[in-house]
Amino acid sequence: MKVLFLNGPNLNLLGQREPEVYGRTTLADIEANVRKEAKALKVEIDFRQSNLEGQLVDWIQAAKGEFDVIVINAAAYTHTSIALRDAISAVGIPTIEIHLSNVHAREKFRHKSLIAPVCCGQITGFGANSYILAVQASVNVNAKPDGGKKR
Ligand code: DQA
């Protein structure tokens, strides 16, 4: 199983950026922890960050046939980008939306995610641990809500 982790704008500043909201863990630390968890779960990962919307779109498009799951922290583009939503929809790769902060407990403009309707689910508000939960969710992304039991 191959999982592509994508990180959007300003996430390269984690550690120094609004630590009261995002914590003091850097993106490099998060990547290291994700790699550890992925190894334990026998998942192969690629971990990328860009401040550019078009770069993220290009990576999503190129993921087709290469990755089984995409995990995306689209950062501010979550709330603005029809292009990212269309790219996720176009490639049809199961995609998990994640955030460090609880976007629903913050400003109103963060409550709306344009990508949520084309994602399998959303992990939001667990700080750096949102990324670890996403590795675990990736492994089970095709699991049915009832564990596949017959009703
Ligand atoms: C974020 C939440 C977004 O609203 C914000 O624009 C970010 C980070 C998070 O991880 O909590 O840049 O995606």
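The radius of gyration is taken here over C-alpha atoms, and the globule rule sets its expected value at 2.2 Å times the number of residues to the power 0.38. For the 151 residues of this protein, a compact globule would have a radius of gyration near 15 Å, and the protein agrees with that expectation because its own value is 15 Å. The model is predicted. It comprises five helices and five strands, and a search of the whole structure finds four salt bridges.

**Fold and dimensions**

- In sequence order, the helices and strands of the protein follow the pattern β-α-α-β-α-β-α-β-β-α.
- The C-alpha trace spans about 45 × 35 × 35 Å along its principal axes.
- Among contacts in the protein with a separation of 6 or more, 75% are made by residues 24 or more positions apart.

**Burial and surface**

- Of the 151 residues, 44% count as buried.
- The protein exposes about 8000 Å², and carbon and sulfur atoms supply 51% of that area.

**Charge distribution**

- The protein carries 18 positive and 15 negative charges.
- The mean positions of these two sets of charges lie 7 Å apart.

**Salt bridge within helix α2**

- Side chains of opposite charge can pair when their charged atoms come close.
- One such pair is E31 and R35, whose side chains meet in a salt bridge with an N to O distance of 3.0 Å.
- Both E31 and R35 belong to helix α2, which covers residues 27–40.
- The two residues are four positions apart, about one turn of the helix.
- E31 counts as partly exposed because its relative accessibility is 22%, and buried would require a value under 20%.
- R35 also counts as partly exposed, since its relative accessibility is 38%.

**Salt-bridge network at R106, E107 and R110**

- R106, E107 and R110 are linked in a network of salt bridges.
- E107 takes part in a salt bridge with R106, in which the closest N and O atoms are 3.8 Å apart.
- E107 also forms a salt bridge with R110, and here the closest N and O atoms are 2.7 Å apart.
- E107 is partly exposed, given its relative accessible area of 35%.
- R106 is buried because its relative accessible area is 19%, where the limit for burial is under 20%.
- R110 is likewise buried, with a relative accessible area of 16%.

Technical notes
Residues numbered from 1 in each chain as written. Predicted model: local features only at pLDDT ≥ 70, side-chain atom pairs only at ≥ 80, totals over all residues. Heavy atoms only, no water. Buried < 20%, exposed > 50% of the residue type's maximum accessible area, 1.4 Å probe, protein only. Contact = heavy atoms within 4.5 Å. Areas by Shrake-Rupley, 256 points an atom, 1.4 Å probe, with all protein chains shown as cover. Lys, Arg positive; Asp, Glu negative; His and termini not counted. Charge placed at Lys NZ, Arg CZ, Asp CG, Glu CD.
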